[in-house]
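Q: I have a structure open and I'd like to learn how to read its strands, helices and core. Can you walk me through it?

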Amino acid sequence: MKAPESNPLAQAPVLQGFPPVINEHTHTLILGSFPGAASLTATQYYAYRQNQFWRLVSASLATDLVTLDYEQRLQTLLAHGIGLWDVFHSCVRAGSLDSAIREGKLNDFSGLRATHPHLRKLCFNGQTAGKMATYFQQHGYQTLILPSSSPAHATRSFADKLLDWQAGLQPAPG
């Protein structure tokens, strides 16, 4: 008799994401898909050392975030009018790849406009998060899908990605 094949997701726990990093002055919100394993362990956005997120944002803002501790990074982002969040608040996933996300539950974006009236632009970190762009465009936001900062998406050079990130992190007009 053949043993049943095991499904690694059948026993996988539902993972919980992080609350948004946002305040009343936020004009641009960067949305990822869901924190990777290193980020979940550290309870920090973009904690995996090979992820280019903090380098891309640092170069885009001409401010060194890489050498700051995590809380200082977040405060500096907020001081520049930039917030962080993810598309999914929970999911089942083995590993850190976006392609492995299963049973993703969206964050509640319904009250975003009322609670953050200065928010004009949403930048999506990669194609998985970018699947939500049309939804936000229909709700009056400017949207931009940025090249993923993940090391799993290394088809473009850092310098090439940086051009898009610099354009994306400029405040939206109006």
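A: Happy to, and keep in mind that this is a predicted model. Let's begin with one pair: L15 has C91 in β4 as its bridge partner.

Q: What is the bridge partner of Q16 in β4?

A: First the general idea: strands of a sheet pair through backbone hydrogen bonds, either parallel or antiparallel. Here, Q16 is matched with S90 of β4. Two bridges in total link β1 to β4, residues 88-92, and the two strands run antiparallel.

Q: How many bridges join β4 to β5, and how do they run?

A: There are three bridges between β4 and β5, again antiparallel. One residue to click on is V92, which stands opposite R102 in β5.

Q: What is the strand order in the open sheet of three strands?

A: Reading across, the order is β1-β4-β5, with antiparallel pairing. The edge strands are β1 (15-16) and β5 (102-106), since each of them pairs on one side only.

Q: Is β4 largely enclosed or not? How many of its residues are buried?

A: Buried here means under 20% relative accessible area. Four of the five β4 residues are buried, so the rest of the structure largely encloses this strand.

Q: What about the loop between β4 and β5: is I101 buried or exposed?

A: I101 sits in that loop, and it is buried, at a relative accessible area of 11%. Setting aside neighbours within four places in sequence, I101 is in contact with S33, F34, F88, C91, V92 and R93. For a sense of scale, the C-alpha atoms of I101 and Q170 are 30 Å apart, with their positions 69 residues apart along the chain.

Q: Now helices. Which residues of α7 are buried?

A: The general idea first: an α-helix has 3.6 residues a turn, so residues three or four places apart point the same way. In α7 (residues 158-168), the buried residues are K161, L162, W165 and G168. Looking down the axis of α7, they fall within an arc of 125°, so they line one face of the helix.

Q: Which residues are exposed on the other side of α7?

A: Over there you'll find A159 and L163 exposed.

Q: And what covers the buried residues of α7?

A: The cover includes β2 (28-32), α2 (53-61), β6 (121-125) and β7 (142-146). For a close-up, take S60, which belongs to helix α2. S60 is buried, with a relative accessible area of 10%. Not counting residues up to four places away in sequence, S60 touches L162, W165, Q166 and L169. A polar atom of the S60 side chain also lies 3.4 Å from the backbone nitrogen of Q166.

Q: How many residues does the largest nonpolar core have, and which have the most contacts inside it?

A: The largest nonpolar core has 42 residues, and I30, L31, W54, V57, L84, L112 and F136 have the most contacts inside it. The elements giving two or more residues to this core are β2, α2, α3 (70-79), β3 (82-86), β4, β6, α6 (133-138) and α7. The element that gives the most is α2, with five residues.

Q: If I zoom in on I30, which residues is it in contact with?

A: Leaving aside neighbours within four places in sequence, I30 is in contact with F53, V57, I82, G83, L84, W85, C123, N125, W165 and L169. You've already met W165 as one of the buried residues of α7.

Note on methods:
Residues are numbered from 1 along each chain as its sequence is written. This is a predicted model: local features need pLDDT of at least 70, side-chain atom pairs count only at pLDDT 80 or more; totals for chains, interfaces and linings use all residues. Side-chain values use heavy atoms; hydrogens and water are left out. Buried means under 20% relative accessible area, exposed over 50%, partly exposed in between (1.4 Å probe, protein chains only). The arc is that of the directions from the helix axis to the C-beta atoms. Contact means heavy atoms within 4.5 Å. A polar contact is a pair of N or O atoms within 3.5 Å; within protein, one must be able to donate a hydrogen and the other to accept it, and residues adjacent in sequence count only if both atoms are side-chain atoms. Two strands pair if DSSP finds at least two bridges between them. A nonpolar core is a set of buried Ala, Val, Leu, Ile, Met, Phe, Trp, Tyr and Cys residues joined through side-chain atoms within 4.5 Å.
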